[in-house]
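Let's walk through this fold together, one question at a time. Have a look at the model first, then follow along below.

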Amino acid sequence: MVLVLSTANAADQASPPNVKSLMTPEDYAESGLDKLTDAEREHLSEWVERYREGAVVGPVVYKKQSQMTEEEKIEDQKLRDAVIVAKVLPAFKGWSGKTIFRLDNGQVWQQRQNGTLKYAGSDSTVTISQNMMGKYVLKHEDSGRGIGVLRLK
């Protein structure tokens, strides 16, 4: 097992590619991106990087209990009561910010807490369970490390 932990903050990590550098000048101008503020362009560049990493699944709508159907409430309760054991697909490499975890059971989870873990081993087994506060925690079994997650699908 090879485990590399990083406590570097976001400023120490490589920044995502600038959106302007990904397009021809004509495409950049015709798409209207030149009208965005610097902050808006930076956010778009970060989103593009998350998309390229497979971390963007699509818009997610979370329902309150009062908005759920009876079937959704039952499924939600099953999820709250269960400890999920699954493998991350493709191979688990760790997490860094807003990492998306696609599991072999079809579920999709996203990192909700700050933190970085780099993992170069071959074991992709994770468990997901609810903590005392009702939040979900994904634990990578081989490294023994855990991180807060939200279910996307």
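**Questions on a predicted model**

Q: How much area does the protein expose, and what share of it do carbon and sulfur atoms supply?
A: Keep in mind that this is a predicted model. The exposed area of the protein is about 10,200 Å². The share supplied by carbon and sulfur atoms is 53%.

Q: How many helices and strands are there in the protein, and in what order do the elements run?
A: The protein has three helices and nine strands. Reading from the N terminus on, the order is β-α-α-α-β-β-β-β-β-β-β-β.

Q: What percentage of the residues count as buried?
A: A residue is called buried when its relative accessible area is under 20%. The protein has 153 residues, and the percentage that count as buried is 29%.

Q: Which side chains of strand E8 point to the buried face?
A: Strand E8 covers residues 136-140, and its side chains alternate. Val137 and Lys139 point to one face and are not buried. The other face is the buried one, and the side chains pointing there are Tyr136, Leu138 and His140.

Q: Which residue stands opposite threonine 127?
A: Strand E7 (residues 125-130) and E8 run antiparallel and are joined by five bridges. In the hairpin of E7 and E8, five residues lie between the strands, and glycine 134 has a positive phi near 85°. Across from threonine 127 stands a residue of E8, lysine 139.

Q: Which residue in the turn between E8 and E9 has a positive phi?
A: E8 pairs with strand E9 (residues 146-151) in the antiparallel sense, over four bridges. In this pairing, valine 137 stands opposite glycine 148 in E9. The hairpin of E8 and E9 has five residues between the strands, and the turn residue with a positive phi, about 80°, is glycine 144.

Q: Is glutamine 107 buried or exposed, and which side chain does it join in a polar contact?
A: Glutamine 107 sits in the loop between strand E4 (100-103) and strand E5 (108-111). Because its relative accessibility is 11%, glutamine 107 counts as buried. Leaving out residues up to four places away in sequence, glutamine 107 touches Leu79, Ile84, Phe101, Arg102, Arg151 and Lys153. Its side chain also makes a polar contact of 3.0 Å, and the partner is the side chain of tryptophan 109.

Q: Why is the pair of phenylalanine 92 and tryptophan 95 edge-to-face?
A: Rings pair if their centres lie within 6.5 Å, and planes over 60 degrees apart count as edge-to-face; the count comes to five aromatic pairs. The ring centres of phenylalanine 92 and tryptophan 95 are 6.0 Å apart and their planes stand at 70°, so the pair is edge-to-face. Phenylalanine 92 is buried, with a relative accessible area of 1%. For tryptophan 95, also buried, the value is 3%.

Q: How many residues apart in sequence are the parts tied together by tryptophan 109 and tyrosine 136?
A: The rings of tryptophan 109 and tyrosine 136 have centres 5.2 Å apart and planes at 65°, so this pair is edge-to-face. Tryptophan 109 counts as buried at 0% relative accessibility, and tyrosine 136 counts as buried at 11%. Tryptophan 109 lies in strand E5 and tyrosine 136 in strand E8, so the parts tied together are apart in sequence by 27 residues.

Q: Which residues do ring pairs link into a cluster?
A: Phenylalanine 92 and tryptophan 95 form an edge-to-face pair. Ring pairs link a cluster of Phe92, Trp95, Phe101 and Tyr119.

How values were computed:
Residues are numbered from 1 along each chain as its sequence is written. Side-chain values use heavy atoms; hydrogens and water are left out. Helices (H or I, at least four residues) and strands (E, at least two) are DSSP runs, numbered from the N terminus. Buried means under 20% relative accessible area, exposed over 50%, partly exposed in between (1.4 Å probe, protein chains only). Accessible areas come from the Shrake-Rupley method with a 1.4 Å probe; for residues, only the protein chains shown count as cover. Two strands pair if DSSP finds at least two bridges between them. A polar contact is a pair of N or O atoms within 3.5 Å; within protein, one must be able to donate a hydrogen and the other to accept it, and residues adjacent in sequence count only if both atoms are side-chain atoms. Contact means heavy atoms within 4.5 Å. Rings of Phe, Tyr and Trp (its six-membered ring) pair if their centres lie within 6.5 Å; planes under 30 degrees apart count as stacked, over 60 as edge-to-face and the rest as tilted.
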